[in-house]
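Visitor: Before we look, I would like to ask how the labels for empty space and surface are earned.
Guide: Then let us take them one at a time.

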Amino acid sequence: MESQSNPQTTMQLRRSTRLTSKSIPTSSLPSQPVPKITQNHNRLPQTKTRDIEDYFSQDEDNCVRAHLLRWYDHKQRELPWRRKHGGAWDDDGDAMEKRAYEVWVSEVMLQQTRVSSVVAYYNRWMERWPTVHSLAKASQEEVNEMWAGLGYYRRARFLLEGAKSIAKQGRFPGNAAELLGVPGIGNYTAGAIASIAFNEVVPVVDGNVVRVISRLKAISLNPKESSTVKLIWNLAGQLVDKSRPGDLNQALMELGATICMPTNPKCTNCPVSDQCRALSLSRCNKSSIKVTDFPPKVIKSKQRLEFAAVCVVIVQNELCENQKHVSGNLYLLVKRPDKGLLAGLWEFPSVLVAQKQTDVKSRRTEMDNYLKNLNFDLGKDYDLVIREEVGKYLHIFSHIRLQMHVELMMLTTKGGLGQLENQMKNCQVTWKFVHGSAMESMGLTSGIRKVYNMIEEFRTNQMLTNMGEPIRKLKRIRS
C-alpha cells in the first residue's frame, strides 16, 4: 500500500528547488555536457519558478554564520597553510603577498586531493619556493619533479605559469577581479585567495560547499547544471561574513570535509543542523528521503580502457663521462609532449596499442619501431642481454583506465658515451639516461614509480633465483 504524501513537505521541496535571478562571474563555469542525475531522484520535485525561498533570510544568515564561525574557531584542523582567527594580521604588503601565495599553493594542491596527502607536498614546496617570485624562477621540469605523485599535473603547470605572470606584473593581484586575470586561476581559487589573504567579501564554492548548501536548502537540482551552479554561488555569497569572509568560507569547506560528508554525514555533530532542511525533511519522511539524497548524485562518464606497451630499457656499461668513471645501470626515460595527458613529464618508453595487439609479439613489434624513432638500433649499436615480460599493471586516471604491459630490456652499448650523446642530438623526441642510483629519489608519477618498483622486484627475484641455482647443483653433487 502506497504512503500518502505530506502537502507541507511537498511545498517545502518545491520551494527549495527554485532559482534566483542573481548572477556571478561565469568565466570558469563548466562547459562540458551536463551529467545525468541518478533515477532515485525522480521522486524529488523539479521546478524553476523564482521564489524568495531561494535566499537565506536575514535570521538564517545570522544564525548560520554565528554557529559556523563558533564551531570553526574551536574545531578547525591544524594545517600548515591555515592561520587561526585571532592571530596577528600583518598589513605589510610583502607579508600579505606571501600569505596570498601560501593560500594559492594550498588551494591548488587541495583540488581533487585529500588533505592528508597534501601536507607533506606543501611543506616541501614552501621550503623550496617560499615566495611567488622564487617559484617564477623555477623550470617546468623542477616543478613537475616536486609535484610528482600528487596527480592532476596540469595544476603544477598552471601554478608556474601564474607565478611567472605575477612576477612579470611586479605585484600580487589584490582582489578577486584581478586574480581572475592570472593564468589558471578561476572563480574558486580567486575567491579563496581574496577572502582568506585579503579579507575581501567574496564567496568560495567547491564540492564541499555545494554539498553543505544543497543540504541546508534541500536543493534537489542537478549540481552540474549551470543554473544550479549559479544558485549555489548566490547562496554562498549571501552567507559570507562581512568581517571574517575568509574564515566563513573555510568553515563551510571544513564542515563539508569533516562533518557534512557525502555518504556518512555526522548530523548530530553539525553546528547548523537546526537550520538544515535536508535533515528536517529526512526526519519527516524517514522511509523516502535521506540527507544523502542532497545534492543528487550524477552518473559519471564511463572511463575508457586503453592499453600500453611499456619497456623499461636499462643499458649496462662502464662509461667515462667528463674524465669521471661511471659504472652501473642507466635507465632510459622519455619526455612526454608538452600538451595533453601528463604533459612534459618523464616516463619509460611507452606505446599505446589496440586491445588485439596486447600479445607479446605485437607489443614488441610496436616497441621496436618506437625505439628506432629514438635512434636505438638494437642490432647495430647495442647487444641484447635479456628481454623478458614482467607483468601487467592497471593505472587509474580520472577518465582513463590504462592497462600497462611491462617488459624489461637490458642492453650493452658498443659505442660508449659519445654514441649515446649523438643519438640524443639527432632525435626529435627528448630523452635521457638516468643512473640507477638516482632513480629512487627522482620525482616520478605514481604510475611510473609503480612500474619501476615492479622492475626492481623482478630483478631482485631473478638475482635470488640465479644465486640459488649453484647451491642446488652443489647439493645434488654432494648427495
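Visitor: What makes the lining of the second largest cavity divide into nonpolar, polar and charged residues as it does?
Guide: In this predicted model, that lining has 4 nonpolar, 4 polar and 2 charged residues, where Ala, Val, Leu, Ile, Met, Phe, Trp, Tyr, Cys and Pro count as nonpolar, Asp, Glu, Lys and Arg as charged, and the others, Gly among them, as polar. Among the lining residues are Glu-141, Glu-145, Trp-346 and Gly-443, and helix 6 (residues 140-147) gives the largest share, 3 residues.

Visitor: Why is this space called a cavity?
Guide: On a 1 Å grid over the protein atoms alone, a cavity is a set of points where a 1.4 Å probe fits but cannot get out, and lining residues have an atom within 4 Å of a point. The search finds 2 cavities of 30 Å³ or more; the second largest holds about 80 Å³ and the largest about 110 Å³.

Visitor: Which residues lie nearest the centre of the largest cavity?
Guide: They are Arg-215, Cys-260, Cys-267, Cys-270 and Cys-276, out of 15 lining residues, and by class that lining has 12 nonpolar, 1 polar and 2 charged residues.

Visitor: Why is Ile-396 called partly exposed?
Guide: Its relative accessibility is 43%, and because buried means under 20%, exposed over 50% and partly exposed in between (1.4 Å probe, protein chains only), Ile-396 counts as partly exposed.

Visitor: How should the numbering and the values be read?
Guide: Residues are numbered from 1 along each chain as its sequence is written. Local features need pLDDT of at least 70, side-chain atom pairs count only at pLDDT 80 or more, totals for chains, interfaces and linings use all residues, and side-chain values use heavy atoms, with hydrogens and water left out.

Conventions. On a 1 Å grid over the protein atoms alone, a cavity is a set of points where a 1.4 Å probe fits but cannot get out, and a pocket is an open set with protein on both sides within 12 Å along at least five of seven lines; lining residues have an atom within 4 Å of a point. Grid points are joined across faces, edges and corners, and a volume is the space filled by probe spheres set on the points. Helices (H or I, at least four residues) and strands (E, at least two) are DSSP runs, numbered from the N terminus.
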